[in-house]
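Good morning, and thank you for the time. Please have the sequence and the model open before you while I speak.

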Amino acid sequence: MKRPTTALLTALAPVSWGTTYAVTTEFLPADRPLFTGMMRALPAGLLLLALGRVLPRGIWWGKAAVLGALNIGAFFPLLFLSAYRLPGGMAAVVGSVGPLFVVGLSALLLGRRPTARTVLAGVVAAFGVSLVVLKAAGALDTLGVLAALASTASMSAGTVLTKRWGRPDGVGPLVLAGWQLTAGGLLIAPIAFLAEGAPPALDGRAVGGYLYLALANTAVSYWLWFRGIGRLSATQVTFLGPLSPLTAAVVGWAALGQALTPVQLTGMALAFGATVAGQRAGTGRGAGTGKGARPGAGRPRRRTDPVHAPAQPVGR
């Protein structure tokens, strides 16, 4: 499949994630972020495990647990914690620096040197998102800022390690997503019950909301995200992330009656332009083969090609 088509399909993941806020506020019980995170991850992971019917073997038990913790188990609680403790949109602004985190980690773990064009696109993307979501007033909470930074670092590290480790022979992105979602959901479950108590009573709207989050918003979206990591560079994938807060702003305007100011529209244009530029900046020899991942894919090449790593298999 051609790379632009792969990028468009992968982009459906952050677009879907951009609907999470509206679904949560309109359909789900209030003040149950950890329970919601568990209900997103664990049912979706078990469903994908049932469809794939493949369990990890050997060292992949440990790798799946690490990736599940980074991409799901740690990311979800930290993201919710930052969103609850920071003033309007600040968590999304901190999260929008994810491409810069991935650029740095790719240099360390994948042997891909950052370019000025990629760094500039990352800065513009973060600035554009800040214009869209950042609200005036409200003191910054130290714990909230640290949680936002940690959630961004967690997802960024998970993306790069997913690229570096690839997938075992015969394992596709659907199975890989199932492993990680199940591991992440199992990590969140005890924390949710200890921190929030017994599950809340659910009405029909809540059941529908959780079904949407588990199926379209998580199972399908993370399958597309990990599939994209296998066919694109880690930088290209992470530059699709700003589409999530942009989608949230559009959904808020279209479905919740929220206004979009000229400043927000300018920010959306900047962030979207940076996302497109990030796709171009992330291309290059070794960025992706368009085929499924292989074991060890994503490791730096020898001196004959020190910049780019071979392609192999994220996504929030």
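Leaving aside its neighbours within four places in sequence, which residues is Thr247 in contact with? The answer is Pro14, Val15, Gly18 and Thr19. Before I discuss that contact, I should state that the model is a predicted one.

Thr247 is found in helix α13, which covers residues 243-255. With a relative accessible area of 15%, Thr247 is buried, because residues under 20% are placed in that class. One of its partners, Pro14, is 233 residues away in sequence, yet the two C-alpha atoms are 8.2 Å apart in space.

Let me now set this against the chain as a whole. The protein chain contains 14 helices and zero strands. Read along the sequence, the pattern is therefore a run of α elements, from beginning to end. The chain has 316 residues, and 53% of them count as buried.

I turn next to α1 and its packing against another helix. Two packed helices are described by the angle between their axes and the distance between the axes. For α1 and helix α11, residues 204-231, the axes come within 8 Å and cross at roughly 145 degrees. The crossing of these two helices, α1 and α11, is left-handed. On the α1 side, the contact is made by Arg3, Thr6, Leu9, Thr10, Leu12, Ala13, Pro14, Ser16 and Trp17. On the α11 side, the contributors are Tyr212, Ala216, Asn217, Ser221, Tyr222, Leu224, Trp225, Arg227, Gly228 and Arg231. Divided by class, the residues of this contact between α1 and α11 are 10 nonpolar, six polar and three charged. Pro14 thus appears in the contact with α11, and Pro14 is also a partner of Thr247.

Helix α1 has a part in a pocket as well. The second largest pocket holds about 290 Å³ of space. Its lining comprises 14 residues, and the closest to the centre are Pro4, Ala7, Leu8, Val276 and Gln279. The elements giving two or more residues to that lining are α1, residues 3-17, and α14, residues 262-281. By class, the lining of this second largest pocket has eight nonpolar, four polar and two charged residues.

Now to the interior, beginning with helix α5, residues 75-85. Which residues of helix α5 are buried? They are Phe75, Phe76, Pro77, Phe80 and Ser82. These buried residues of α5 pack against α3, α4, α6, α9, α10 and α11.

Helix α3, residues 33-52, offers a further buried position, Thr36. Thr36 counts as buried because its relative accessibility is 2%, and the cut-off is under 20%. Not counting residues up to four places away in sequence, Thr36 touches Leu28, Tyr210 and Leu213.

A loop position can be buried too. Gly166 is found in the loop between α9 and α10, and at 0% relative accessibility Gly166 counts as buried. Gly166 and Ile229 lie 63 residues apart in sequence, and their C-alpha atoms are 9.0 Å apart in space.

Let me close with exposed loop residues. Most residues other than glycine have a negative phi, and most peptide bonds are trans. Against that background, which loop holds Asp31? Asp31 lies in the loop between α2 and α3. Asp31 has a positive phi of about 60 degrees although it is not a glycine. With a relative accessible area of 56%, Asp31 is exposed, because the cut-off for that class is over 50%.

Ala30 is in the loop between α2 and α3 as well, and Ala30 is exposed at a relative accessible area of 61%. The C-alpha atoms of Ala30 and Pro200 are separated by 9.6 Å, although the two residues are 170 apart along the chain.

Finally, Arg53 sits in the loop between α3 and α4. Arg53 has a positive phi of about 55 degrees although it is not a glycine. Is Arg53 buried or exposed? Its relative accessible area is 73%, so Arg53 is exposed.

Methods: Residues numbered from 1 in each chain as written. Predicted model: local features only at pLDDT ≥ 70, side-chain atom pairs only at ≥ 80, totals over all residues. Heavy atoms only, no water. 1 Å grid on protein atoms, 1.4 Å probe; cavity = no way out; pocket = protein on both sides within 12 Å on 5 of 7 lines; lining within 4 Å. Points joined across faces, edges and corners; volume = space filled by probe spheres on them. Helix = DSSP H or I, 4+ residues; strand = E, 2+ residues; numbered from the N terminus. Nonpolar A, V, L, I, M, F, W, Y, C, P; charged D, E, K, R; others polar. Buried < 20%, exposed > 50% of the residue type's maximum accessible area, 1.4 Å probe, protein only. Contact = heavy atoms within 4.5 Å. Axes fitted to C-alpha atoms, helices over the stretch in contact; angles between N-to-C directions. Left-handed = near helix turned anticlockwise from the far one by under 90°.
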